[in-house]
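Biologist: I would like to learn how to read the interior of a model. Where should we begin?

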Amino acid sequence: MQADDFGFGTQIRKSPYFDATVRWGAQGFSVYNHMYIPRDFGDPEMNFWTLVNDAILCDVAVERQVEITGPDAAKFTQMLTCRDLSKMSVGQCKYILITNADGGILNDPILLRLAENHFWISLADSDILLWAQGVAVNSGLDVTIREPDVSPLQLQGPKSGEIMQALFGSDIADLRYYWLREVELDGIPLIVSRTGWSSELGYEIYLRDGSKGDLLWETIMAAGMPFGLKPGHTSSIRRIEGGMLSYHADADMNTNPYELGLDRLVNLDMEAEFIGKSALRRIKEQGVSRNQVGLIIDGEPLKGPNTTFWAINLGGDAIGKVTSAVYSPRLERNIALAMVSAEHANIGMDVEVVTNSGPVRATIVERPFYDPKKQIAAA
């Protein structure tokens with residue numbers, strides 16, 4: 001495939017790494033935040049094994065940044081999220097939820113604090129730039145909200161630390177989980193963070209000059225070759241094993257944090273006001289009508305992730321839906337994240353899942369399915 005032959009027109013943006021990913025074997029793309037994201041470098045199972053045994057480099061420039069600056073940046077950023085940011089240090093990252101007035105989740109991004117009044121919201125797939133600019137209009141706060149020229153890569157897998165040291169020197173090994181550092185590589189301005197969407201040891205490398213995308217990609221691949229680095233894509237297998245959310249699949253604006261068991265990200269006791277606070281207080285008091293659970297699905301190995309929501313039945317009645325399902329070659333099982341009615345969210349319960357191939361038995365289990373304490377990523 002020729003890079004210049006591919007596309008739906010100029011309304012879908014190409015990342016600074018697009019040409020490089022095509023050169024390195026990208027065979028298929030999806031659209032995320034109005035941009036192309038490589039989703040196919042051949043065999044997704046091989047991609048998984050490379051991720052968990054060595055390392056992969058992923059173009060995730062689709063994680064667009066919403067930059068918030070100005071004298072009131074910290075106060076405004078707190079307005080957007082139900083997580084208490086009062087103790088967030090400069091140089092720290094946090095996984096946050098952005099909620100609407102009904103307590104629904106609009107995005108589950110990583111927040112980076114670059115300076116006292118300088119934040120980046122590193123987005124999942126929804127238009128938070130527009131939301132934040134709209135919230136700012138009548139807020140009375142002095143903030144500037146824009147999308148900067150920033151394009152992340154993810155370097156993920158057990159060898160990622162050694163590759164980072166080959167690139168940046170041994171000091172980078174001191175970077176702690178969910179912290180960031182401002183660096184340069186051969187004159188290329190970067191932010192690096194110990195974060196990623198893989199549940200493995202990993203880093204995100206935020207390019208701050210889109211014209212250097214090709215150079216950065218090739219430099220990292222060259223440094224990583226001795227360590228078995230391969231170009232790759234975010235692994236559905238590994239992220240479902242790790243119980244990581246995919247926005248629009250496992251959560252949307254009609255999903256609240258309590259349904260997902262993300263109570264730890266909601267701080268109702270803080271003095272600061274945030275959008276959705278009264279709604280979330282009411283939801284907590286009343287309880288939820290459904291819960292996210294894990295499923296082990298019987299039958300032949302799934303050929304790939306589900307592309308529709310599969311119905312979950314019990315005794316002939318619909319009780320929920322499968323949101324993300326895949327076959328894990330490591331666990332040798334079909335695993336899934338699902339949303340079911342609260343009265344049926346019981347570990348060990350057998351249910352029926354209506355897959356594309358017909359109904360099969362499934363069992364409700366704890367999630368995540370692998371490394372529940374995230375010891376791999378945080379090591």
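Modeller: We can begin with the nonpolar cores, keeping in mind that this model is predicted. In soluble globular proteins, nonpolar side chains tend to be buried together. Here the largest nonpolar core has 30 residues, and those touching the most other members are Phe-168, Leu-190, Ile-205 and Leu-216.

Biologist: Which helices and strands each supply at least two residues of this core?

Modeller: The strands are S2 (35-40), S3, S11, S12 (180-185), S13 (188-193) and S14 (202-207), and the helices are H5 (160-168) and H6 (213-224). H6 gives the largest share, 5 residues.

Biologist: What does Ile-205 touch, beyond residues up to four places away in sequence?

Modeller: Ile-205 touches Ser-151, Pro-152, Leu-153 and Leu-155, together with Met-164, Leu-190, Ile-191, Val-192, Leu-216 and Ile-220. Another core, of 28 residues, lies apart from the largest one; its members include Tyr-95, Ile-105, Leu-262 and Met-339.

Biologist: Now a single helix. Which residues of H2 are buried?

Modeller: In H2, which spans residues 44-53, the buried ones are Asn-47, Phe-48, Thr-50, Leu-51 and Val-52. These buried residues pack against three strands, S3 (55-59), S11 (151-156) and S15 (229-232), and against helix H7 (236-241). At the start of H2, the backbone nitrogen of Glu-45 has a side-chain oxygen of Asp-43 within 2.9 Å.

Biologist: How do I look for empty space inside?

Modeller: Rolling a probe the size of a water molecule over the atoms shows where empty space is left. For the whole structure, the search finds 1 cavity of 30 Å³ or more. The largest cavity holds about 40 Å³ of space.

Biologist: Which residues line the largest cavity?

Modeller: Its lining consists of Leu-51, Ile-56, Cys-58, Gln-154, Gln-156, Trp-197, Ser-198, His-233, Thr-234 and Ser-235. S3 and S11 are the elements that give two or more residues to this lining. By class, the lining has 4 nonpolar and 6 polar residues, and no charged ones. Leu-51 is also one of the buried residues of H2.

Biologist: Last, a single position. Why is Val-360 classed as partly exposed?

Modeller: Val-360 is partly exposed because its relative accessible area is 24%, and that class runs between 20% and 50%. Val-360 belongs to strand S21 (residues 358-365). Beyond neighbours within four places in sequence, Val-360 is in contact with Ile-297, Asp-298, Val-351, Glu-352, Val-353 and Thr-355.

Biologist: How far apart are Val-360 and Glu-300 in sequence and in space?

Modeller: They are 60 residues apart in sequence, and their C-alpha atoms are 10.0 Å apart in space.

Notes: Residues numbered from 1 in each chain as written. Predicted model: local features only at pLDDT ≥ 70, side-chain atom pairs only at ≥ 80, totals over all residues. Heavy atoms only, no water. Buried < 20%, exposed > 50% of the residue type's maximum accessible area, 1.4 Å probe, protein only. Helix = DSSP H or I, 4+ residues; strand = E, 2+ residues; numbered from the N terminus. Contact = heavy atoms within 4.5 Å. Polar contact = N/O pair within 3.5 Å; in protein donor to acceptor, adjacent residues only side chain to side chain. Core = buried A, V, L, I, M, F, W, Y, C linked by side-chain atoms within 4.5 Å. 1 Å grid on protein atoms, 1.4 Å probe; cavity = no way out; pocket = protein on both sides within 12 Å on 5 of 7 lines; lining within 4 Å. Points joined across faces, edges and corners; volume = space filled by probe spheres on them. Nonpolar A, V, L, I, M, F, W, Y, C, P; charged D, E, K, R; others polar.
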